[in-house]
Amino acid sequence: MNKQIFASELMARVWKLARFLIIVGLSFILLYPILYMISMSVRSADQVADPSVIWIPKVYTFENFVSAVKYMEYDASFHTSMTVSLTSSILSLISCSLAGYGLARFKFRGKEIWFTCVIMTLIVPAQAVTIPMYLQYQSFSIPIISPIMNIIFETPMPSWLSVNLIDTWFVFWLPAMFGCGIRAGLYIYIFRQFFRSIPHELEEAAQVDGAGYFKTFYRIMVPNAGSAYLTVFIFSLVWYWNDTFYSNVFISRKATMAKALSGLGESIKAGIGVNEYRSSPIKLAGCLLFILPLMIMYVFLQNYFVESVEKTGIVG
Amino acid sequence: MRRKPREAAEIRRRARAGKLFLLPFMIGFVCFYVQPLLLSLFYTFINVQPTKGGGLTLGVGDTFFDKLNLENYKYMFEQENDYWQSLIGTFKDMAITTPVIIIFSLFIALILNQKFRGRVIARAIFFMPVVVTSGLVMSFITGDAFADQTQTTETSAIFQAAGMSDILQGMNLPEDIVSIFTSITSQIFDTLWLCGVQILLFLAALQGVSPQLYEAAKIEGATGWEIFWKVTFPSVTPIILVNIIYTIIDKITDSSNGLMGIINGTGFGAFQYSRACLMAWIFFILLLVLVGLVFLFTRKMIFYQTDN
């Protein structure tokens, strides 16, 4: 008996040690690129290839950040990205939570089909819809009627009825408003799962008091769904922030941060000529500047975020 | 049994309210998915060409039916070798990485679900990829930035390129061990970096397993191994399905992979709109079939906890 206890005690100890090593090792692997980016971006060009400098540069410099800010037009692109991501995320949040609530709490014919449609939106590759979407935005008019007029009757919609949305932010706002923004299907799913887990009694009490369905939703359900809203908001903000696909296709004039970053190599080439050793620390500084706003947000919200993911039990 | 008229009216009212909540999505789905998908299917049968004014010509022909042809399909099956190869490569790649990602993220989630000191910090670090990661940033640190230094390896070269190997060589380790170590860490890194959302979903599922089940299992004298296979694993099977599908879609529709590059290049580089639509459609149908198969095969294995 004693032997058995000893053995299990030993196993527990060994597992604790192994677990510690795994966590520390993997954490290091995850943090490594960020540490590396920081280390590279604070050193001057001549120290990039210097083998005697591994982690800590001999001389610190903020030149790379200054150059990155210049080449990325940080002020303007930051402002643009912030505005677009925030507005689109908020619109997404509203439309997706409405849809999620509808799917979670009401019975109506065709509900299962609509839920399948929500999941389907995740599977449709963006490439399959972008070309028609581009043409649709180019002369945006009454959907469904205008393509039929165009294709079958070969008469374009009258110009007073159509408007060019390319290069405007409506290309992000319109889908977000109607629950079809970037990865909106996932958000609707998260909201549905969350609203299903809220006890019915809350709503029933409100309805006995004579509140309508919509009033019940925004008075009772929304305040109780803070954690789901936070989770979706973070996801949504991150994905809009990182988007280069839609902004490359639909927006040509204004630069978001993501576009500025993906074009940073070219801007540097045009600015200082082709020299990898000079440009790579600037690029990494640019990367850091790009993720900085997300990192700051994450540091402040991560506690709530992790907690809310657990509480919402996205999974249900 | 016949319902009372008042009850029936109430049910109808609730149904109408439910549809009203879903209405924005319904409109969006029709305008931003159904319509473009049908249009892009239609484009595969005609020859869409951009005109100078920024408009479009929808094929050549006097009437609507004269324009329809199968030229794009012929071209597709005879000429586009790059596309097919890349398509096969993408699906193969996905078939290999998906199980690795699923198993790895379940393992990490199990560890993070245990109680230990520093758990909060560990979680913050492991979920960081969800927030920070994007194809963009990753391609940037692993690809572009080291374009001159990296070899043409498939995995990210960050650990070869950056100081890591120097540090190890500085410790007087033999060359072979250094290269094995760096390649392993690179692969772990690549996998780990893709696991953020999956770990999150698994962790949420693990938190949802009722503690009574564990207690009951312990009283029965089950070992940790048995508890995992009899209690933990069955409880997370629904999320395994969600995660498999999420991983497949996330990996395969990532706009930075080669296949998407070819489709984008055909559409927005060479302005072959019709061919790009056809490429995207073939891909979409294969993806649908794949997801359908995953559903079919896993349906029986999934254990649903009954709602109380």
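Below, a biologist and a modeller chat about a predicted model of a complex with chains A and B.

Biologist: Hi! What ipTM and pTM does the predictor give the complex?
Modeller: Hello! The ipTM is 0.86 and the pTM is 0.84.

Biologist: And how does chain B do on pLDDT?
Modeller: Chain B has an average pLDDT of 79, and 81% of its residues score at least 70.

Biologist: Where in chain B is confidence lowest, and where is it highest?
Modeller: The low point is helix α7 of chain B, residues 158–161, with a mean of 51. At the other end, α1(B) has the highest value, 91. There is also a stretch to treat separately: over residues 144–156 of chain B, pLDDT stays under 50. The model has 23 contacts beyond four places in sequence for that stretch.

Biologist: Good to know. On to the interface: how many residues of chain B are in contact with chain A?
Modeller: On the chain B side there are 80, in contact with 78 residues of chain A. Helix α1 of chain B, residues 5–43, supplies the largest share of the chain B side, with 21 residues. That is the helix with the highest confidence in chain B, at 91.

Biologist: What classes of residue make up that side of chain B?
Modeller: There are 61 nonpolar residues on the side of chain B that touches chain A, along with 13 polar and six charged ones.

Biologist: Switching to chain A: how many helices and strands does it have?
Modeller: Chain A has 16 helices and zero strands. Its radius of gyration is 26 Å, well over the 20 Å that the globule rule gives for 316 residues, so chain A is more spread out than a compact globule. Along the principal axes, its C-alpha atoms fill a box of roughly 75 × 70 × 35 Å.

Biologist: What share of chain A counts as buried?
Modeller: Of its 316 residues, 41% are buried. As for contacts in chain A with a separation of 6 or more, 75% are between residues 24 or more positions apart.

Biologist: Can you tell me about α12 in chain A?
Modeller: Sure. Helix α12 of chain A covers residues 226–242, 17 in number, and reaches 24 Å from first C-alpha to last, close to the 24 Å expected at 1.5 Å a residue. This helix is mostly covered, with 13 of its 17 residues buried.

Biologist: Which residues touch the most other members of the largest nonpolar core?
Modeller: That core has 131 residues, and the ones touching the most other members are A:Ile188, A:Phe191, A:Val232, A:Leu261 and B:Phe202.

Biologist: What does A:Phe191 touch?
Modeller: Leaving out residues up to four places away in sequence, A:Phe191 touches A:Cys96, A:Ser97, A:Gly100, A:Tyr101, A:Ala228 and A:Val232.

Biologist: Now backbone oddities. Which residue of chain A has a positive phi although it is not a glycine?
Modeller: A:Arg183, with a phi of about 55°. Most residues other than glycine have a negative phi. A:Arg183 is found in the loop between α8 (170–177) and α9 (184–197) of chain A.

Biologist: Is A:Arg183 buried or exposed?
Modeller: Buried, because 20 other C-beta atoms lie within 10 Å, and 20 or more is the cut-off.

Biologist: What about phi of B:Phe271?
Modeller: B:Phe271 also has a positive phi, near 55°. The residue is in the loop between α13 (258–269) and α14 (273–299) of chain B. B:Phe271 counts as exposed because it has 12 other C-beta atoms within 10 Å.

Key
Residues are numbered from 1 along each chain as its sequence is written. Chains are lettered from A and ligands numbered from 1 in the order in which they are written. This is a predicted model: local features need pLDDT of at least 70, side-chain atom pairs count only at pLDDT 80 or more; totals for chains, interfaces and linings use all residues. Two residues are in contact if their C-beta atoms, placed from the backbone, lie within 7 Å. Helices (H or I, at least four residues) and strands (E, at least two) are DSSP runs, numbered from the N terminus. Ala, Val, Leu, Ile, Met, Phe, Trp, Tyr, Cys and Pro count as nonpolar, Asp, Glu, Lys and Arg as charged, and the others, Gly among them, as polar. A nonpolar core is a set of buried Ala, Val, Leu, Ile, Met, Phe, Trp, Tyr and Cys residues joined through C-beta atoms within 7 Å. pLDDT is the predictor's confidence in each residue, from 0 to 100. The radius of gyration is taken over C-alpha atoms; the globule rule is 2.2 Å times the number of residues to the power 0.38. The expected span of a helix is 1.5 Å times one less than its number of residues.
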